[in-house]
Amino acid sequence: MIDRVLNIIVDLDGTLIYSDTLYESFLLLIKHNPAFIFLSLFWLLKGKAFFKAQISKRINLNPVALPYNTQLIAKLKEFRRLGAHLYLVTAANEKIAHAIAQHLDLFDEVIASTETTNMNSKNKAVICNQRFGEKQYLYAGNHSTDLNVWQHAAEAIIVSSNNQLINKAKKITSIRAVIAPPQPTLKTYLKQLRVHQYVKNGLLFIPLLLSIPVNNYLKAGLFTNILAFICFSSLASATYIINDLMDLTADRLHSSKCTRPLASAYISIPQAIVLTIILFVISIVITLFLPVRFSLTLFVYLIITLGYSFYFKRKTLLDVFVLAGLYMTRIFAGMMLIANGFSQWLLMFSLFFFASLAFIKRYVELAKQKQKGSLTAHGRGYHINHLDLIRTYGIASAYVSGLIFALYISSDKVKAFYSQPNFLYAMIVLIIYWLSRVWLKAEDGKVHDDPIVFAIKDKVTWMMVAFFIIIYTLASLPKGII
């Protein structure tokens, strides 16, 4: 019917893009200044149009970094080639709508919300009927509210997999095409939760492992540690989601992070927020069964993580030490679960060990940007010229961690705890070898953005873990057996 319907009306949020520009804009706003959360409540009292306008005045949504509906765009280009006129008619604020239209260079005209008028579906229907006439246009939408427009349209393009919506639309207009948006699966949610990152929370068990004989693990509270692991993992997943919400633009411009569920719009922003709340609730409930000092440590971890997401991640060098501090906090939390588990040696070792891994993370990200011809890393404070310095800092941190571990093994506490502590010196070699090898792989471009992901997939790393277990067992054996 394109020969008769020469006017193509396209909705923006959920249709032309798989996300919602209001949510995207609001996230950018609170990332800039979280205090706007409270001010926005007063804006909303003056109406949705005013609310959208105030947000758009304060942020610049990058039209390049949005999850576009490529199938729909391909159809629109074909319509335009055949002589149709394309109009972007959206409830999004006019500033955002014009920026997107300019980026795509596809539309003849943009009709959007102003500071006083919210271009909702009813207003769209009125304007479209006035401008083009009843049943004289095709409308592309995605939501049940778009039925208000479809009942006046000659044809519809539906961007939805909701069969109920599709059937309702069929009763009031002719369906030109149905485009199913990305649908999340269980694997998608597990990827968003970063389940593979839970290996980091295994650090909670380190103080128990190093402070209690193996035959006393159950008596010392192994079940408590397992419960703490679940609690920490739930909270960590919640903070990962918050971090992704705050970093949507940078992730979409990143070579590999662009495939993350939120960045690619497989999980919507509202879904992510609900999931975050659920994870927070799970974590809070579990803390009721754990020591208060652990709960306080968990709260400190949350504050540091949120500070990283909103502020520290954009501060050169400071971001690395905050990341290392988050690893240290996991170990400290493990210390809070057992009596006499505190160890300054272990904390200092973990600071330099994980600082080295954090430097690897930044080094790999910056090296990839260099290959792409970019001078900086998106959302970070680093420049291509910093590559050599980052490498130097990271390798130095690796060897300092080995030195601290050597001093720890030589301490009286270790000699009193282990029957044959001399076996532990072999661990120093393993630590230095492993960190040196990871840096070598990073230099060769064979390390993932996150060295933890590399470690999980690396066979040599698992061999190192096996050797650690063997050495630990040998050092714990009573004298005279070997």
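Contact is taken here to mean heavy atoms within 4.5 Å. In the predicted model, this criterion was applied to Asn-225, a residue that lies in helix H12, which spans residues 222-246. When residues up to four places away in sequence are not counted, Asn-225 touches Leu-204, Phe-205, Leu-208, Leu-337 and Ile-338. Of these partners, Ile-338 is 113 residues apart from Asn-225 in sequence, yet the two C-alpha atoms are 9.0 Å apart in space. The relative accessible area of Asn-225 is 0%, and because buried means under 20% relative accessible area, Asn-225 is classed as buried.

The strands considered here belong to an open sheet of 6 strands, arranged in the order E3-E2-E1-E4-E5-E6 and paired in parallel fashion. Strand E3 (109-113) and strand E6 (174-178) stand at the edges, and since each has a single partner strand, one side of each is left without a neighbour in the sheet. On average, and with direction ignored, neighbouring strands of this sheet are turned by 20° against each other. Within the sheet, strand E1 (residues 7-10) and strand E4 (residues 138-141) run parallel and are joined by 3 bridges; Ile-9 has Tyr-139 of E4 as its bridge partner.

A pair of helices was examined next. The axes of helix H1 (residues 21-32) and helix H2 (residues 36-45) come within 9 Å and cross at roughly 130°, which makes H1 oblique to H2. On the H1 side the contact is made by Phe-26, Leu-29, Ile-30 and His-32, and on the H2 side by Phe-36, Ile-37, Ser-40 and Trp-43. By residue class, the contact of H1 with H2 comprises 6 nonpolar and 2 polar residues, with no charged residue among them.

Helix H20 (residues 425-443) has 19 residues, and the distance of 28 Å from its first C-alpha to its last is close to the 27 Å expected at 1.5 Å a residue. Buried positions in H20 are Met-427, Ile-428, Leu-430, Ile-431, Ile-432, Trp-434, Leu-435, Arg-437, Val-438, Trp-439 and Ala-442, a list that includes Arg-437 alongside residues such as Trp-434 and Trp-439. The buried residues of H20 pack against four helices, namely H17 (344-371), H18 (387-409), H21 (451-457) and H22 (459-476). Just after H20, Gly-445 takes a positive phi of about 75°.

Technical notes. Residues numbered from 1 in each chain as written. Predicted model: local features only at pLDDT ≥ 70, side-chain atom pairs only at ≥ 80, totals over all residues. Heavy atoms only, no water. Axes fitted to C-alpha atoms, helices over the stretch in contact; angles between N-to-C directions. Helix = DSSP H or I, 4+ residues; strand = E, 2+ residues; numbered from the N terminus. Parallel < 35°, antiparallel > 145°, perpendicular 65-115°, else oblique. Nonpolar A, V, L, I, M, F, W, Y, C, P; charged D, E, K, R; others polar. Pairing = 2+ DSSP bridges. Expected span 1.5 Å × (residues − 1). Buried < 20%, exposed > 50% of the residue type's maximum accessible area, 1.4 Å probe, protein only.
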